[in-house]
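Colleague: I'd like to learn how to read a model like this one, feature by feature. Could you walk me through it?

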Amino acid sequence: MNLSNYFITLNLIKKKFPIFLKISLLTLSICTIYYLIKTPSYTSKTTFYSTYKEKQDTASLLNPLGSLIGINGGTLDFSISDYIKSEKMLNQVINKKYLIDGQKISLVQLWGSNFEQRTFNPLTLLLKFNKSLNFNSSISTEEKLTFITKEELKDKISFTENRISSLYSISVTIDKYPQLSRDILNEIYSSIIAYTNEIENSKASEKIDFINGRIREVSLDLQNAESEKLEFLEKNKVANSPALVLRIDRIQRKIDLHSDVYTNLANQLEIAKINQKDSTSSIFLLDEAKVPLEKDGDSLLKFLVKITILLLFSFIFWSFYKSSRLYNS
């Protein structure tokens, strides 16, 4: 930029600054009104550790013969991120009754009714019409509202995980009702706890049934081996040949093996019964959900500062653009 162009720009800024100031004040006033009347959003967050896999791995280390006797000590795959998107969890949360404006209502009643309400906003009308076109014509109004509520709940849930430390974080962002964000998050966390316990108890029950079956099989094998030894000893009072000694040693090894397996199975059965009765959770809460103390987003002052900076840069850019055109003309 040469000197003449610089002076043209400076003069233009001085000339148009009063207009810019009026426009800025009007814009800031409108932004302030918008900030004050817009529906606030609130976010509640909880964090917890999951030790489910660690518990299962420890059990397998304490029972190194598990793979030899047919017991799988591996973990049962369970993804919390998949569970919070599942129909099971979503249906539980949206049908729960929450205290909202002094009344206990479900999320279907709260959010689903918004879809049925009339509006004069053309964009909202267009979105509702587009959503209605995608529905199967044979489904009921209740099914439509349930589907809409579940989709909205999915959008309001945020999930992160640290696979190294097994630290999980879930947050729920809700418009207008700060306490509702905490209540929904508590319901999600309770659902995760219940489902985790259900998995662990189910796994323990399956293991008990399996071990009982294996005990019956091994017990029968042990009895057969002992009967074989008894029959051999009755027929051979004195084992005075190498072949007879070798035969009796083989039978004894068979008895010892079945006996060891039977003992380990009995130990595994006791451990499985203890796990089935164990009511302790494998999920450890770090930060519980609380009612948000602040609204989401910037404060009013920070919001207005951002708008002011944007207006100022826009005015300077316009001034340079306008002065360059005047200079070239």
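Modeller: Gladly! Let's begin with one side chain: at 11% relative accessibility, Lys150 counts as buried, because buried means under 20%. Keep in mind that this is a predicted model.

Colleague: Which residue does the side chain of Lys150 meet in a salt bridge?

Modeller: The partner is Glu87, with 2.4 Å from N to O. Glu87 sits in helix H4 and Lys150 in helix H7, so the pair links distant parts of the chain, 63 residues apart. Glu87 counts as partly exposed because its relative accessibility is 43%, between the cut-offs of 20% and 50%.

Colleague: Let me step back for the overview. How many helices and strands are there in the chain?

Modeller: The chain has 10 helices and six strands. It has 329 residues, and 31% of them are buried. The chain exposes about 21700 Å², with 57% of that supplied by carbon and sulfur atoms.

Colleague: And how should I read sequence separation in the contacts?

Modeller: Take the contacts between residues at least 6 apart in sequence, then ask what share spans a longer stretch. Here, 77% of those contacts join residues at least 24 apart.

Colleague: Now the interior. Which residues touch the most other members of the largest nonpolar core?

Modeller: They are Leu107, Leu153, Leu180, Ile184, Ile188 and Ile192, in a core of 32 residues. The elements giving two or more residues to this core include helix H3 (80-83), helix H4 (87-94), helix H5 (107-116), helix H7 (141-156) and helix H8 (178-235), along with strands E2 (98-100) and E5 (167-175). H8 gives the largest share, seven residues.

Colleague: Which residues does Ile184 touch, not counting those up to four places away in sequence?

Modeller: Ile184 touches Val93, Tyr98, Leu107, Trp111, Leu153, Val172 and Ile174. There is also a second, separate core of eight residues, with Ile211, Leu265, Leu269 and Ala272 among them.

Colleague: What about strand pairing? I'd like one residue to follow.

Modeller: Try Ser169, whose place is in strand E5. At 11% relative accessibility, Ser169 counts as buried. Leaving aside neighbours within four places in sequence, Ser169 is in contact with Lys45, Thr46, Thr47, Ser158, Phe159 and Thr160.

Colleague: Which residues stand opposite Ser169 in E5?

Modeller: Thr47 stands opposite Ser169, and so does Thr160. Strand E1 (residues 41-50) runs antiparallel to E5, and nine bridges join the two. Strand E4 (residues 157-162) also pairs with E5 in the antiparallel sense, over six bridges.

Colleague: How many residues lie between E4 and E5 in their hairpin?

Modeller: Four residues lie between them, and Ser166 in the turn has a positive phi of about 60°.

Colleague: Back to charges, then. How many salt bridges does the structure hold?

Modeller: The structure holds 11 salt bridges. One of these pairs is Lys235 with Glu231, whose closest N and O atoms are 3.2 Å apart. Lys235 and Glu231 are four residues apart in helix H8, so about one helical turn separates them.

Colleague: Are Lys235 and Glu231 buried or exposed, and what decides that?

Modeller: Relative accessibility decides it. Lys235 counts as exposed because its value of 62% is over 50%. Glu231, at 42%, counts as partly exposed.

Colleague: Which other salt bridge would you show me, and where does it end up on that scale?

Modeller: The side chains of Asp298 and Lys306 meet in a salt bridge with 2.7 Å from N to O. Asp298 counts as partly exposed at 27% relative accessibility, and Lys306 counts as partly exposed at 44%. Elsewhere, salt bridges that share partners join Glu228, Arg247 and Lys254 into one network.

Colleague: One last feature: which residues make the nonpolar surface patch of about 430 Å²?

Modeller: Leu301, Val305, Ile309 and Phe313 make that patch. Phe313 lies in helix H10 (residues 300-328).

Colleague: Why does Phe313 count as exposed?

Modeller: Its relative accessibility is 60%, so Phe313 is over the 50% cut-off for exposed residues.

Terms used:
Residues are numbered from 1 along each chain as its sequence is written. This is a predicted model: local features need pLDDT of at least 70, side-chain atom pairs count only at pLDDT 80 or more; totals for chains, interfaces and linings use all residues. Side-chain values use heavy atoms; hydrogens and water are left out. Buried means under 20% relative accessible area, exposed over 50%, partly exposed in between (1.4 Å probe, protein chains only). Contact means heavy atoms within 4.5 Å. Accessible areas come from the Shrake-Rupley method with a 1.4 Å probe; for residues, only the protein chains shown count as cover. A nonpolar core is a set of buried Ala, Val, Leu, Ile, Met, Phe, Trp, Tyr and Cys residues joined through side-chain atoms within 4.5 Å. Patches are made of residues with over 30% relative accessible area and no salt bridge: like charges are joined within 9 Å, nonpolar side chains (Val, Leu, Ile, Met, Phe, Trp, Tyr) within 5 Å. A salt bridge is a side-chain nitrogen of Lys or Arg within 4 Å of a carboxyl oxygen of Asp or Glu. Two strands pair if DSSP finds at least two bridges between them.
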